[in-house]
Amino acid sequence: PPHLYDPMHESLFLHAGGFVWRESAELFGRIVSCMRDHWATPLGVRCIEFHTYRPGGALLDPGHRDVGSTLTLSAAAHS
């Protein structure tokens, strides 16, 4: 189920239960491979989130940092 931050912002945790690897193994395998090819430190995937922002929605904490992450990758998907 989605995590509702507020009515304008929700998030799905795609890494939970191995969902992303079952449903999009080729795509995420290519992303992880590319990250590992271009980063000196060994990398693994800690968390994969899909955020939905509705009109008026935004990240609640402008100072948010992914503590514990070596690298954070954000991508915008539009339909």
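Q: Helices are DSSP runs of H or I with at least four residues, and strands are DSSP runs of E with at least two, both numbered from the N terminus. In what order do the elements of this chain run?
A: This is a predicted model, where local features need pLDDT of at least 70, side-chain atom pairs count only at pLDDT 80 or more, and totals for chains, interfaces and linings use all residues. Residues are numbered from 1 along each chain as its sequence is written, and side-chain values use heavy atoms, with hydrogens and water left out. The chain has two helices and three strands to put in order. Start at the N terminus and you read β-β-α-α-β.

Q: How confident is the predictor, and which element has the highest confidence?
A: Confidence is given as pLDDT, a score for each residue from 0 to 100. The chain has a mean of 85, and 99% of its residues reach 70 or more. Among the elements, β1 is lowest with a mean of 88, while the top spot, at 92, goes to helix α1 (residues 19-23).

Q: How many bridges pair β1 with β2?
A: Two strands count as paired if DSSP finds at least two bridges between them. Here β1 covers residues 3-6 and β2 covers residues 9-13, and they pair in the antiparallel sense. Look along the pair and you'll find L4 opposite E10 in β2, while D6 has H9 as its bridge partner. The number of bridges in this pairing is three.

Q: What kind of connection joins β1 to β2?
A: β1 takes up residues 3-6 and β2 picks up at residue 9. Just two residues make the link from β1 to β2, and the connection is a hairpin.

Q: Which residue of β3 stands opposite F13?
A: β3 spans residues 49-53, and five bridges join this strand to β2. The two strands run antiparallel. Follow F13 across to β3 and you land on E49.

Q: Which strands sit at the edges of the sheet?
A: The sheet is open, has three strands with antiparallel pairing, and its order is β1-β2-β3. An edge strand here pairs on one side only, and that describes β1 and β3.

Q: What is on each side of a strand like these?
A: Picture a sheet as having two faces. In a regular strand, one side chain goes to one face and the next to the other, so what you find along it is alternating side chains.

Q: How far apart are the closest N and O atoms of E10 and R54?
A: A salt bridge is a side-chain nitrogen of Lys or Arg within 4 Å of a carboxyl oxygen of Asp or Glu. The structure holds two of them. E10 and R54 form one, with their closest N and O atoms apart by 3.1 Å.

Q: How far apart in sequence are the parts that E10 and R54 tie together?
A: E10 sits in strand β2, whereas R54 is in the segment after β3. The pair therefore ties together parts whose separation in sequence is 44 residues.

Q: What does the C-alpha trace span along its principal axes?
A: Think of the C-alpha trace of the chain laid out along three principal axes. The spans come to about 40 × 30 × 25 Å.
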